[in-house]
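Please open the structure in your viewer with the backbone drawn as a cartoon, and keep a selection tool at hand. The tour below moves from one selection to the next and says what is found at each stop.

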Amino acid sequence: MTSQPTDPSAGSYAPLTPSIIDELREIVGEAHLISDEPGAMEDYAHDEVAGEEHAHMPEAVVKPQTAEQISRILKLANRERIPVTPRGAGSGLSCGAVPVYGGIVLSLERMNRILEIDRESMVAVVEPGVVTNDINDAIEEHGLFYAGYPMSVELCFVGGNVAENAGGGRAIKYGVTGRYVLGLEVVLPTGEIVQLGGKRVKDVTGYDLIHLMVGSEGTLGIFTKITLRLLPRPTARAVLLVPFPDTPTAIRAVPRVMTRGRIIPTSVEFMDQRSIEAAYDYTGERLPHPDVGAMLLIEIDGTSEQRVEHDMNSIIDLCLELGALDILVGNTPRDERRMWRPRQEMAEALKAICPVQSLEDIVVPMAQIPNLMPELDRLSEDYDVVIPCYGHAGDGNLHATVVKKPETPMETWEEVLPAILEALYTVVAELGGTISGEHGIGSKRARYLPLVMDSKLIALQRDIKRVFDPLTILNPGKIFPTEP
């Protein structure tokens, strides 16, 4: 575990005393407070980012069930100058829910109810601790679906999706989480409870505070109710697995499917050769072609079998014309699961090569992906690491994963990783990209923010943070680099 850092912008925080612990106990109840069990609290010291250097122990964990309880906790934290870190499922990949300054972890795991399904208004009202996948299970019978779809859909909480403005495999057609957030009940860092938006689709009354909150990574408020826009459920879909001889050929096909074919697929996932080999070896699946050097996984959906079949055939013809080695069609649930499995288990497959790695979330203009790939090869050679790359080719959001070679000493890895990341982010910035497309900045990437964001913009955002949170109580140490 890493010791608590010092950040002048956050000021000095007070430790939790026995009397403060008693107050927390009175607010949430004995059963929903952890304060003297290091083993239990350790589960709340990290998210899914690998490496103990990113973990920080809280002094207490509280599990409230109402906005009023959260309000009381934040008012107490302001009075005593104690940092509070909100936490959902802990499935994040930016250390956004890690208590960098210790203090209180406020877990939203008990706030897990679907409060309302309004079929007539086509919205759902949910609490932040609802597992994202459960929303679609609950609304399927109404002929509706929730299109905000991160890849960790069966693990993550919807509150975390909103806090990170999570994307995922469907973003090319349906967009990211923020497109579907119509309303929020928020507890502000100082303890006030406010309602933003509601069930209405259109609203330009005042500043758009909803979408300031969306993607704010738990630094501006804690969501206690979320109103989500729903869509009619597609009734047909198909999946295509398309092997190509190399990455440039695969990537060039993506915009042409949309421009020449005039089709917006639901998903266009990309895997380079290293990723393919790792994932197929890990899952035990047979490679789709012996000469595969890169691959696209394309999903199409729609409201009629005829429309989906037409789009599928158009994509097949285009991909073959553009150099695809073969086309595998999945039009049964079993085939679809088999085709998606290597992509869905990619992160675990790369951990099997070596668990010491840095999963990145870079995003560049789609046309720049072919220019990015040789740079990844160069960085791999320059720093003697492996950098497999996979992700959402349809929107330019790729997960370049810097993996330590098993023979590399840990001391060497720890010394060189910051230089690799700085070099990677610099390349990405030069290509017109940025350092996160869906995972967020958190504390993991905060030091690198100046590589892709002007200092005036960083200062402006710090000012916004101070308006909402004058004592820097809520989720300190996230997004912004430490001030000198």
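In which sense, parallel or antiparallel, do S6 and S10 pair, and over how many bridges? Select the two strands together: S6 and S10 pair in the antiparallel sense, and four bridges hold the pairing. Bear in mind throughout that this is a predicted model.

**The sheet around S10**

Select residues 123–126 for S6 and residues 222–229 for S10. Within this pair, Val123 has Arg229 as its bridge partner in S10. Now widen the selection to the whole sheet, which is open, has five strands in the order S5-S6-S10-S8-S9, and is paired in the antiparallel sense. Strand S5, at 114–118, and strand S9, at 193–197, stand at the edges with a single partner strand each, so each of them has one side left without a neighbour in the sheet. Looking along the sheet, you can follow a twist that averages 10 degrees from one strand to the next.

Stay at the S5 edge for a moment, where four bridges join S5 to S6 in an antiparallel arrangement. Here Asp118 stands opposite Val123 in S6, and Val123 is the residue already met as the bridge partner of Arg229 in S10.

On the other side of S10, select strand S8, residues 181–187. S8 and S10 are antiparallel and pair over six bridges, and at one position in this region Gly183 stands opposite Thr227 in S10. Colouring S10 by accessibility shows a strand that is mostly covered, since six of its eight residues are buried.

**Helices on the sheet**

Next, add helix H3, residues 67–80, which packs on the sheet and touches S8, S9 and S10, with its direction at about 50 degrees to that of S8. Then add helix H4, residues 132–139, which lies across S5, S6 and S10 and runs at about 40 degrees to S5. S10 is thus named among the contacts of H3, and H4 lies across S10 as well.

**An aromatic pair**

Leave the sheet and show the aromatic side chains: a search of the whole structure finds four aromatic pairs. For the pair formed by Phe145 and Tyr174, the ring centres are 5.4 Å apart and the planes make 80 degrees, so the pair is edge-to-face. This pair links distant parts of the chain, as Phe145 belongs to strand S7 (residues 144–145) and Tyr174 to helix H6 (residues 171–174), 29 residues apart. Both Phe145 and Tyr174 are buried.

**Ile34 and its surroundings**

Select Ile34, which has its place in strand S1, residues 33–34. Is Ile34 buried or exposed? Its relative accessible area is 9%, so Ile34 counts as buried, the limit being under 20%. Leaving aside residues up to four places away in sequence, Ile34 touches Ala40, Met41, Tyr44, Glu59, Ala60, Val61 and Lys63. For a distance to check in the viewer, take the C-alpha atoms of Ile34 and Leu24, which are separated by 10.0 Å, with the two residues 10 apart along the chain.

**Two residues with positive phi**

Most residues other than glycine have a negative phi. Select Cys95, which is not a glycine and yet has a positive phi of about 65 degrees. Cys95 is found in the loop between strand S3 (84–87) and strand S4 (104–107), and Cys95 is buried, with a relative accessible area of 1%. Then select Asn165, likewise not a glycine, with a positive phi of about 50 degrees. Asn165 is found in the loop between helix H5 (158–164) and H6, and with a relative accessibility of 25% Asn165 counts as partly exposed.

**The whole chain**

Finally, zoom out to the entire chain, which contains 15 helices and 18 strands. The radius of gyration is 23 Å, close to the 23 Å that the globule rule gives for 484 residues, so the chain is as compact as a globular protein of that length. The C-alpha trace spans about 70 × 60 × 40 Å along its principal axes. Of the 484 residues, 54% count as buried, and the accessible surface comes to about 20700 Å², of which 50% belongs to carbon and sulfur atoms. Among contacts between residues at least 6 apart in sequence, 74% join residues at least 24 apart.

Conventions: Residues numbered from 1 in each chain as written. Heavy atoms only, no water. Pairing = 2+ DSSP bridges. Axes fitted to C-alpha atoms, helices over the stretch in contact; angles between N-to-C directions. Contact = heavy atoms within 4.5 Å. Rg over C-alpha atoms; globule rule 2.2 N^0.38 Å. Buried < 20%, exposed > 50% of the residue type's maximum accessible area, 1.4 Å probe, protein only. Areas by Shrake-Rupley, 256 points an atom, 1.4 Å probe, with all protein chains shown as cover. Phe/Tyr/Trp six-rings, centres within 6.5 Å; stacked < 30°, edge-to-face > 60°.
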